[in-house]
Amino acid sequence: MPPDDRIWQGGQAATIYICMMMRRFRRLFGLENPPVVSLIRLSGVIAAGGGPLRQGGLNIAGTAPLLERAFAPAGLAAVAIVINSPGGSPVQSALIGKRIRALAEEKRVPVIAFVEDVAASGGYWIACAADEIVADPSSVVGSIGVISASFGFTEAIRKLGVERRVYTAGENKSILDPFQPEKEEDVARLKSLQLEIHDAFKQWVGQRRAGKLNGDAAELFSGAFWTGAKGLELGLVDRLGDARTVLRERFGNKVVIRGIGQKKSLFSRLRFSVVAPEIGSDLLSDLPSGLMTAMEDRAMWARYGL
């Protein structure tokens, strides 16, 4: 072996030995850097966009930057996602779930989901993106199904003497119009779409909870929901607990829990005082749709007793 190679290998061995001794020294005197966990809270109804009366809400546009920040630090012990959502848009739920998995695999960081009050429907869809689901015993989990809700106003406008006029190009353009009588073929078309979405939901849960589900599949995927304690029996969650307790048990009392929150610009904080007339007129013009959105959101929370 040439002298240069022996010198290089000897120096490499010495460097490794010194690094090992330094790690032992730091461990002996308690100088090791504590493990770091990023914690992000995902709360609210899942919907593509917000409205003037919608408080909070989840969608991929608002959640993606938070997830990027949560996974950004090097040497993370884990990413914790605290979920409190009654569900909502299946598309937005799927997009958020996929983004969580993509970042977890890219960064090679384990993900732990913590269910607070409720992770139902789309909320549970997102929870399944984690490697482990921890739930409060009294939380609500499940609701693996698809729902569409609307109103029928045909009798109301008839009594008011209102004539409904709709002009379309395409015979199916106005299906399920709430101001027109319901048609059986329109309902059948909607249910067909629901079945497709439900199948995608079931496949996702089956993939992410493979080997863990204990209940009857027909019941688990019926849209029913359970407490966290019952969810543990059914294999919908992995254990019971809360974020602080579990993270300290898992990573030690010195674990650093790094909260990730939504950053608000100065403009967003002051916009109501700066452009009050314009904002006020927008709010008034959007008030009917905003009230409907708020009522729908309230109904979703109320379904789970919240």
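1. Of the 306 residues in this protein, 33% count as buried, and the reader should keep in mind from the start that the model is a predicted one. The protein exposes about 18500 Å², of which carbon and sulfur atoms supply 57%.

2. In secondary structure, the protein has twelve helices and eight strands. Among contacts in the protein with a separation of 6 or more, 72% are accounted for by residues 24 or more positions apart.

3. A useful place to begin is strand β4, which covers residues 132-135. Glu 132 and Val 134 point one way from this strand, while Ile 133 and Ala 135 point the other way, and all of these residues are buried.

4. The partners of β4 can be taken in turn. Strand β3, residues 111-120, pairs with β4 in the parallel sense over four bridges, and Ala 113 stands opposite Ile 133 of β4. Strand β7, residues 239-240, also runs parallel to β4 and is joined to β4 by two bridges, with Arg 239 in β7 serving as the bridge partner of Val 134.

5. The connection between β3 and β4 deserves a look in the model: together with helix α4, which spans residues 122-127, these two strands make a right-handed β-α-β unit.

6. Ile 133 of β4 also belongs to the largest nonpolar core, which holds 45 residues, and is listed with Phe 71, Ile 81, Ile 100, Tyr 124, Val 205 and Leu 236 as the residues that touch the most other members. The elements that give two or more residues to this core are β1 (36-43), α2 (60-71), β2 (78-85), α3 (90-107), β3, α4, β4 and α6 (184-208). Of these, α2 provides the largest share, namely six residues.

7. A second core, separate from the one just described, has twelve residues, including Val 37, Ile 112, Ala 243 and Val 255.

8. For Ile 81, once its neighbours within four places in sequence are left aside, the residues in contact are Ile 40, Leu 42, Leu 67, Ile 100, Val 111, Ile 112, Ala 113 and Phe 114. One of them, Ala 113, is the residue that stands opposite Ile 133 in β4, and another, Ile 112, is included in the second core.

9. Finally, is Glu 106, which lies in helix α3, buried or exposed? Glu 106 counts as exposed because its relative accessibility is 57%, and the cut-off for that class is over 50%. The C-alpha atoms of Glu 106 and Phe 71 are separated by 9.4 Å, although the two residues are 35 residues apart along the chain.

Key:
Residues are numbered from 1 along each chain as its sequence is written. This is a predicted model: local features need pLDDT of at least 70, side-chain atom pairs count only at pLDDT 80 or more; totals for chains, interfaces and linings use all residues. Side-chain values use heavy atoms; hydrogens and water are left out. Buried means under 20% relative accessible area, exposed over 50%, partly exposed in between (1.4 Å probe, protein chains only). Two strands pair if DSSP finds at least two bridges between them. A crossover is right-handed if, with the strands pointing away from the viewer, the path from the first strand over the helix to the second runs clockwise. A nonpolar core is a set of buried Ala, Val, Leu, Ile, Met, Phe, Trp, Tyr and Cys residues joined through side-chain atoms within 4.5 Å. Contact means heavy atoms within 4.5 Å. Accessible areas come from the Shrake-Rupley method with a 1.4 Å probe; for residues, only the protein chains shown count as cover.
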